[in-house]
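Here are a few exercises to work through with the model open beside you. Try each task before reading its solution.

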Amino acid sequence: MKIHIPTPLRAYTGGEQTVSVPGATVAEALQALTAAYADLRNHLYTGEGKLRSFVNLYLNDDDIRYLPQKEATLVEESDELTIIPSIAGGSNCPAHTLRAGAIVQVQQATKGQRPALY
Amino acid sequence: MLHLSFSDYTALRAHGEDTYPHECCGVMLGKVAPDGNHVREIVRAGNTRTDRAHDRYNIAPEELIRIQRQARKLGLDIVGFYHSHPDCPAQWSQTDFNEAHWIGCSYVITRVDQGKATITNSFLLTGTDEDDKKFLDEPVEIEVSSVENEQEKGHA
């Protein structure tokens, strides 16, 4: 089956975007992948061998976490597995909270405390 | 260095204005070169963090896969991401850092004040793994094409 490698992990597959590996299940295909490209293992799995929480694995269009057999799902030659790290973040900024609670800011100021800067 | 066309630069900032007071997010497609990430196209994405979209963003993996397929068809790679910080500094937050996993990619952040895009910065995620990753300030080169240049003169 084909495994699509995301940009940051291509340094460990010799620059290959897509790698073809043997395997009857998702787990076997991943095993073949990390056997061929050993440096990938640390980026996909924790020291305890668990898939890192931010690494998503999609078999064609399905998240393998939600497949009944998960990584034991049978695969065919024509199937495609995509490794896709998560994308998230955010300002985590208190501006909106503070604006909504302006009284809190005033109270802080009157106590001589410095209001949050942003 | 991040290389970005003037139209893409304008478009990603406009996205932040469109979604204000919520954070916008999107993906930058292009090529990695010795002199940095070159953006050829930006793709808007939906922010799935509807519970607190004012200070969080998340792109659904299904959408990322669709965008990655689109990139492959165009012969491009995912070279970075962008998002906005409504009424907050155009600097990466601890949340941005904790959730950044695409080493080698550019993370562009635009500050949007009262609905108007102000400052846009880029940060390159460097390192070898989760333990030594870090954000570096990344210079941005805005490339103005001859057509855009003429359009700008027309507006002046």
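## Exercise 1: A pairing across the chains

Keep in mind that this is a predicted model. Strand β6(A) and strand β4 (residues 57–59) of chain B run antiparallel and are joined by three bridges.

**Task.** Find which residue of β4(B) is the bridge partner of Ala88(A).

**Solution.** Start at β6(A) and cross to β4(B), following the antiparallel bridges. The partner of Ala88(A) there is Asn58(B).

## Exercise 2: The wider contact

**Task.** Work out how many residues each chain gives to the contact, and which elements of chain A supply at least two residues each.

**Solution.**
1. Chain A gives 22 residues to the contact and chain B gives 32 residues.
2. On the side of chain A that touches chain B, at least two residues each come from α2 (41–44), β3 (55–59), β5 (80–85), β6 (87–89) and α3 (95–100).
3. Sorted by character, the residues on this side of chain A are 10 nonpolar, 11 polar and one charged.

## Exercise 3: The layout of chain A

**Task.** Count the helices and strands of chain A, then write their order along the sequence.

**Solution.**
1. Chain A has four helices and six strands.
2. Their order along the sequence is β-β-α-α-β-β-β-β-α-α.
3. Of the 118 residues in chain A, 22% are buried.
4. Among contacts in chain A with a separation of 6 or more, 51% are between residues 24 or more positions apart.

## Exercise 4: A strand with two neighbours

**Task.** Decide whether β5(B) pairs in the parallel or antiparallel sense with β2(B) and with β6(B).

**Solution.**
1. Strand β2 (residues 25–33) of chain B pairs with β5(B) in the antiparallel sense, over six bridges. Within this strand pair, Met28(B) has Gly80(B) as its bridge partner.
2. Strand β6 (residues 106–113) of chain B runs parallel to β5(B), with seven bridges joining them. Here Ser84(B) is partnered by Thr110(B).
3. As for burial, β5(B) covers residues 77–86, and 10 of its 10 residues are buried.

## Exercise 5: One helix, one face

**Task.** List the buried residues of α1(B) and explain why they line one face of the helix.

**Solution.**
1. Helix α1 (residues 6–19) of chain B has 14 residues and reaches 20 Å from its first C-alpha to its last, close to the 20 Å expected.
2. Its buried residues are Asp8(B), Tyr9(B), Leu12(B), Arg13(B), His15(B), Gly16(B) and Thr19(B).
3. Looking down the axis of α1(B), these buried residues fall within an arc of 145 degrees, so they line one face of the helix.
4. The general rule behind this is that an α-helix has 3.6 residues a turn, so residues three or four places apart point the same way.

Conventions
Residues are numbered from 1 along each chain as its sequence is written. Chains are lettered from A and ligands numbered from 1 in the order in which they are written. This is a predicted model: local features need pLDDT of at least 70, side-chain atom pairs count only at pLDDT 80 or more; totals for chains, interfaces and linings use all residues. A residue is buried if 20 or more other C-beta atoms lie within 10 Å of its own, exposed if 12 or fewer, and partly exposed in between; C-beta atoms are placed from the backbone. Two strands pair if DSSP finds at least two bridges between them. The expected span of a helix is 1.5 Å times one less than its number of residues. The arc is that of the directions from the helix axis to the C-beta atoms. Two residues are in contact if their C-beta atoms, placed from the backbone, lie within 7 Å. Ala, Val, Leu, Ile, Met, Phe, Trp, Tyr, Cys and Pro count as nonpolar, Asp, Glu, Lys and Arg as charged, and the others, Gly among them, as polar.
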